Amino acid sequence: MQKDIHPEYRKVVFLDTSSDYKFLTGSTLNSQETIEWEDGNTYPLIRVEISSESHPFYTGKQKADKVGGRVDRFKKKYNMK
């Protein structure tokens, strides 16, 4: 590897803002925000909107408004049977 061209790899905390789920992992992302983790150390904080804790694929909670296909939604929209 060439020196001084790769981003710094360090531990960071990711926070899922929709479920307040936090996890510590390694990343090259950088942030001005920091958070004190359970081990007493301070790490950069990266906010994300969705993670495995809130994503429908992992939680098994699919949206109910996708019941039926395109034709069914079209018929419902224009009161057709």
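What share of the contacts in the protein with a separation of 6 or more comes from residues 24 or more positions apart? The share is 34%, and the legends below walk through the predicted model view by view.

**Figure 1. The whole chain: four strands, then two helices.** Welcome to the overview of this predicted model. The protein contains 2 helices and 4 strands, and reading along the sequence gives the pattern β-β-β-β-α-α. Of the 81 residues in the protein, 19% are buried. The accessible surface adds up to about 7,200 Å², and carbon and sulfur atoms hold 50% of that area.

**Figure 2. The open sheet, with strand order E2-E1-E4-E3.** Here we turn to the strands. The sheet is open, has 4 strands and shows mixed pairing. Its edges are formed by strand E2 (21-27) and strand E3 (34-36), each of which pairs on one side only. On average, and with direction ignored, neighbouring strands of this sheet are turned by 45 degrees against each other. As a reminder, strands of a sheet pair through backbone hydrogen bonds, in either a parallel or an antiparallel way.

**Figure 3. A closer look at E1 and E2, an antiparallel pair.** Strand E1 covers residues 10-16, and 7 bridges join E1 to E2. For a handy place to start tracing the pairing, pick Val12: the bridge partner of Val12 in E2 is Thr25. E2 itself is an edge strand of the sheet.

**Figure 4. Two aspartates with positive phi, Asp4 and Asp20.** Most residues other than glycine have a negative phi. Asp4 departs from this habit, with a positive phi of about 65 degrees although it is not a glycine. You will find Asp4 in the segment before E1. Is Asp4 buried or exposed? With a relative accessible area of 82%, Asp4 is exposed. Asp20 also has a positive phi, of about 60 degrees, and is not a glycine either. Asp20 sits in the loop between E1 and E2. Asp20 counts as exposed because its relative accessibility is 59%, and the cut-off for exposed is over 50%.

**Figure 5. Helix H2, hardly covered.** Helix H2 runs through residues 70-77. How many of the 8 residues of H2 are buried? The count is 0. After H2 comes Asn79, whose phi is positive, near 50 degrees.

**Figure 6. A nonpolar surface patch made by Phe74, Tyr78 and Met80.** This last view stays with H2 and what follows. The patch measures about 330 Å². Phe74 is within the residue range 70-77 of H2, while Tyr78 lies in the segment after H2. Met80, too, has its place in the segment after H2. Tyr78 is partly exposed because its relative accessible area is 48%, and Met80 is likewise partly exposed, at 45%. Both residues count as partly exposed, since that class lies between under 20% for buried and over 50% for exposed. Which residues does Met80 touch, not counting those up to four places away in sequence? They are Phe74 and Lys75. Phe74 is therefore a contact of Met80 as well as a fellow member of the patch, given that contact means heavy atoms within 4.5 Å.

Conventions:
Residues numbered from 1 in each chain as written. Predicted model: local features only at pLDDT ≥ 70, side-chain atom pairs only at ≥ 80, totals over all residues. Heavy atoms only, no water. Buried < 20%, exposed > 50% of the residue type's maximum accessible area, 1.4 Å probe, protein only. Patch = residues over 30% accessible without salt bridge, like charges linked within 9 Å, V, L, I, M, F, W, Y side chains within 5 Å. Areas by Shrake-Rupley, 256 points an atom, 1.4 Å probe, with all protein chains shown as cover. Salt bridge = Lys/Arg side-chain N within 4 Å of Asp/Glu carboxyl O. Pairing = 2+ DSSP bridges. Axes fitted to C-alpha atoms, helices over the stretch in contact; angles between N-to-C directions.
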